[in-house]
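Please open the model in your viewer, with the sequence alongside, and follow the selections below one after another.

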Amino acid sequence: SVLFIIGLTAYGCNKEKGVKTDPVTPVDTVRLTYVNPVFQPVLADPTIVRCGSFFYAFGTEDNWGTEGGYHLVPIVKSNNLVNWTFLSDAFAKKPSWKPQGGIWAPDVTEVDGKFWMYYAFSTWGDSNPGIGLAIADRPEGPFTDMGKVFDSKEIGVENSIDPFFIEENGIKYLFWGSFHGIYAVQLSDDGRHPVGQKVQVAFNHLEGVYIHKRNGFYYLFGSEGSCCEGANSTYRERVGRSTSLLGPYKDKNDNNIAWGNYGELILHGNDGPNGFAGPGHNAEIITDDEGTDWQLYHAMLKSNALLSNGTNRRSLMLDKITWVNDWPQIAGSQPSVLRQYGPVFKK
């Protein structure tokens with residue numbers, strides 16, 4: 001999550017793994033370019049963590065069919081956010097604390113030299129989904145399941161999925177929710193149990209929350225609409241901001257996003273048949289070595305939105321974020337479809 005993806009501890013990413021830090025070298029004279037998507041066929045609901053010179057992105061459990069088979073939380077690796085290589089699955093076997101369901105929307109953060117993955121465990125229409133925690137020594141895994149953190153009935157929030165972890169002033173918090181409100185709760189020191197009372201921070205129109213801290217503001221990103229209807233998906237991304245982690249989060253017109261369908265729209269599908277449908281569920285923001293911010297998310301090319309087995313082709317996308325009056329923007333509020341200049345990393 002945001003407090004750990006850039007300022008990594010030497011223990012977790014260097015000392016423990018024996019990784020040497022290479023000296024910085026000049027940027028290549030040929031500037032990196034890319035065209036979306038940056039990884040396919042599928043990496044839905046992405047999260048990203050940086051370890052040394054490399055980035056590791058994780059996605060929802062999916063069956064890639066003839067284009068890669070079944071994956072129980074796939075992990076892909078890159079040194080530039082553009083060229084990605086599939087590594088492995090995060091789990092050797094599915095966690096056992098729930099009788100059935102998929103492992104959705106992982107959120108991976110480096111915590112005290114370990115890699116914590118909060119994940120949702122649910123089926124479509126599940127009456128009691130829940131959130132679990134798994135931990136690994138390395139971002140490549142394997143991840144060992146620590147069990148259930150809470151389920152919907154225990155915490156009193158319907159459809160408790162899409163977790164996001166953040167630590168602030170030494171206190172651990174979990175944000176979560178899907179179309180029944182976005183909530184936050186303090187966690188125990190070991191991250192395995194909620195403590196205290198939950199707080200609602202956003203209304204019923206959002207899911208897939210992510211929080212980014214910048215210039216004294218906390219920015220709450222979330223997705224609304226339908227994620228998984230192929231070319232007809234209406235997923236889009238909104239954002240509100242606050243001077244406090246627990247809110248209130250507001251839009252530019254001072255509307256509290258906990259009270260209604262508010263928030264600034266920063267990303268939606270392209271018009272026309274050759275664009276992308278359903279962009280959203282963004283990962284952590286990454287800042288490159290020139291100070292430019294980049295966001296990964298998923299979307300589907302309208303002309304090729306489904307795999308042969310019917311799975312939504314929610315491919316991994318990349319676009320630049322600019323800041324205007326301390327509000328984030330993506331050019332045209334749509335996924336880029338033409339070739340773009342990519343991030344700059346000098347190592």
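Begin by selecting Tyr56 together with Lys77 in β6, since these two are bridge partners. Widening the selection to their strands brings up β3 (residues 54–58) and β6 (residues 74–78), which run antiparallel and are joined by four bridges; strands here are DSSP runs (E, at least two residues), numbered from the N terminus, and two strands pair if DSSP finds at least two bridges between them.

This is a predicted model, in which local features need pLDDT of at least 70 and side-chain atom pairs count only at pLDDT 80 or more, while totals for chains, interfaces and linings use all residues. Residues are numbered from 1 along each chain as its sequence is written, and side-chain values use heavy atoms, with hydrogens and water left out.

Next, show the whole open sheet, whose four strands follow the order β2-β3-β6-β7 with antiparallel pairing. At its edges lie β2 (47–51) and β7 (85–89), each of which pairs on one side only.

Now move to β13 (residues 171–176), where five of the six residues are buried (under 20% relative accessible area, 1.4 Å probe, protein chains only), so the strand is largely enclosed by the rest of the structure. Add β12 (residues 164–168), which is antiparallel to β13 and joined to it by five bridges; here Phe165 has Leu174 of β13 as its bridge partner. Two residues separate the strands of this hairpin, in which Asn169 takes a positive phi near 55°.

Finally, select β14 (residues 182–187), paired with β13 in the antiparallel sense over four bridges, and find Phe175 opposite Ala184 in β14. The hairpin of β13 and β14 has five residues between the strands, and Gly177 in the turn has a positive phi of about 135°.

Key:
Buried means under 20% relative accessible area, exposed over 50%, partly exposed in between (1.4 Å probe, protein chains only).
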